[in-house]
Amino acid sequence: MPRFPGTPFRDDLFEGQVALVTGGATGMGRSIAHAFAAHGADVHILSRNEEHLADAAASIEKETGRKVAWHRCDVREPDQVEAAFAKLPRLDHLVNSAAGNFVVPFETMSRNAWSTVVNIVLNGTFNATRAAFPLLSRQGGTVTNMVATYAWGAAPYVSHSGAAKAGVLNLTRSLAVEWAQFGIRLNAVAPGPVKSEGATKNLFADPALQQKIEDSVPLRRFGTPEEMALAVLYLASPAASYVTGDCLTIDGGQWLSNGLFS
Ligand code: COA
């Protein structure tokens with residue numbers, strides 16, 4: 001079987017462990033699911049779209065030789081989330097990657113546009129993390145939340161997402177303290193610009209904007225979903241056993257780069 005692109009980890013790193021990835025059928029979530037499977041985990045993916053789920057599961061199975069279980073589930077619906085988690089035999093690693101985002105000036109944002117994004121990102125993270133607790137607390141485990149570099153800065157034109165991701169980052173830190181006693185570590189990953197399918201369509205479809213973004217990154221390129229997935233694996237792995245409540249920024253240096261001379 002081909003190794004996961006760029007991995008420094010051994011193939012059986014998560015052997016005997018179970019990982020669940022919300023939003024795991026597309027984009028970054030799919031890459032994260034693939035990465036866990038490629039390193040020996042039994043993987044479950046959640047998404048609203050059955051076609052995406054079946055397609056992702058089949059392709060990850062083909063590439064890794066491991067069976068991937070999928071559950072149709074809208075993370076905004078607590079009952080659906082509870083039902084999906086009830087099917088798990090055990091759980092070692094939860095990754096909250098389900099997201100919704102679109103560019104809209106705040107003054108024209110409808111109430112429903114605001115609450116849709118906040119419900120997916122912030123309440124969806126609550127629903128999945130709450131449902132994961134009884135399983136994770138049995139033997140300990142990890143929760144990794146996908147946020148964004150604008151979670152601690154400003155998020156102009158995606159203020160719904162910025163507010164929700166800021167909430168997720170704070171929740172990550174709060175639970176890192178509350179759940180340390182159960183052997184559960186919580187961390188966040190803050191990707192910079194990544195050309196996943198959804199982000200390209202919803203956030204930077206315009207090639208001129210893509211160029212502008214590349215120019216704003218000291219490493220002068222977009223990140224890849226695989227690079228984000230490897231960061232998640234690190235945080236879930238024993239190599240990060242003393243890391244909790246942290247946020248790993250993977251953005252080619254972008255958020256640091258608007259200094260006086262850069
Ligand atoms: N600009 C302004 N408002 C928008 C919008 C846009 N581009 N896209 C959606 N909205 C508004 C809708 O008009 C609606 O508000 P209204 O009822 O007042 O008109 C509200 O947001 C909900 O939209 P709807 O399409 O009904 O929601 P949904 O639950 O079907 O879809 C989304 C959720 C909107 C987040 C959709 O883009 C999605 O499913 N995205 C998943 C993938 C994704 O975004 N990934 C993140 C990549 S960075």
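Contact here means heavy atoms within 4.5 Å. Keep that in mind as you click around this predicted model.

**Stop one: Met 146.** Select Met 146 and show its neighbors. Leaving out residues up to four places away in sequence, Met 146 touches Met 28, Ile 32, Val 95, Asn 96, Ser 97, Lys 165, Val 189, Pro 191, Met 228 and Val 232.

**Stop two: the core around it.** Now widen the view. Met 146 is, along with Ile 32, Phe 36 and Val 43, among the residues with the most contacts inside the largest nonpolar core, a set of 36 residues. To see where the pieces come from, color strand S1 (18-22), helix H1 (27-38), strand S2 (42-47), helix H2 (50-64) and helix H8 (225-236), since each of them supplies at least two residues of this core. H8 gives the most, with eight residues. Apart from this core lies another one, of 22 residues, and you can find it by selecting Val 18, Val 81, Ala 176 and Trp 179, which are among its members. As a general point, nonpolar side chains in soluble globular proteins tend to be buried together.

**Stop three: helix H1.** Isolate H1 and put a distance monitor on its end C-alpha atoms. They are 17 Å apart, which agrees with the 16 Å that 12 residues should span at 1.5 Å a residue. How much of H1 is buried? The count is 10 of the 12 residues, so the helix is largely enclosed by the rest of the structure. To highlight the buried ones, pick Met 28, Gly 29, Ser 31, Ile 32, Ala 33, His 34, Ala 35, Phe 36, Ala 37 and Ala 38. Then step past the end of the helix: H1 is followed by Gly 40, which has a positive phi, near 95°.

**Stop four: the loop between S5 and H5.** Which residues should you pick here? Start with Val 158, found in the loop between S5 and H5. Val 158 has a relative accessible area of 9%, so it is buried, the cut-off being under 20%. Beyond residues up to four places away in sequence, Val 158 touches Asn 101, Phe 102, Val 103, Tyr 150 and Leu 203. For a distance check, try Asn 96: its C-alpha atom and that of Val 158 are separated by 19 Å, with the two positions 62 residues apart along the chain.

Stay in the loop between strand S5 (141-146) and helix H5 (159-178) and select Trp 152. At 32% relative accessibility, Trp 152 counts as partly exposed.

**Last stop: the surface.** Add Trp 255 and Leu 256 to your Trp 152 selection and switch on a surface. The three form a nonpolar patch there, with about 330 Å² of accessible area together.

Technical notes
Residues are numbered from 1 along each chain as its sequence is written. This is a predicted model: local features need pLDDT of at least 70, side-chain atom pairs count only at pLDDT 80 or more; totals for chains, interfaces and linings use all residues. Side-chain values use heavy atoms; hydrogens and water are left out. Patches are made of residues with over 30% relative accessible area and no salt bridge: like charges are joined within 9 Å, nonpolar side chains (Val, Leu, Ile, Met, Phe, Trp, Tyr) within 5 Å. Accessible areas come from the Shrake-Rupley method with a 1.4 Å probe; for residues, only the protein chains shown count as cover. A salt bridge is a side-chain nitrogen of Lys or Arg within 4 Å of a carboxyl oxygen of Asp or Glu. Helices (H or I, at least four residues) and strands (E, at least two) are DSSP runs, numbered from the N terminus. Buried means under 20% relative accessible area, exposed over 50%, partly exposed in between (1.4 Å probe, protein chains only). A nonpolar core is a set of buried Ala, Val, Leu, Ile, Met, Phe, Trp, Tyr and Cys residues joined through side-chain atoms within 4.5 Å. The expected span of a helix is 1.5 Å times one less than its number of residues.
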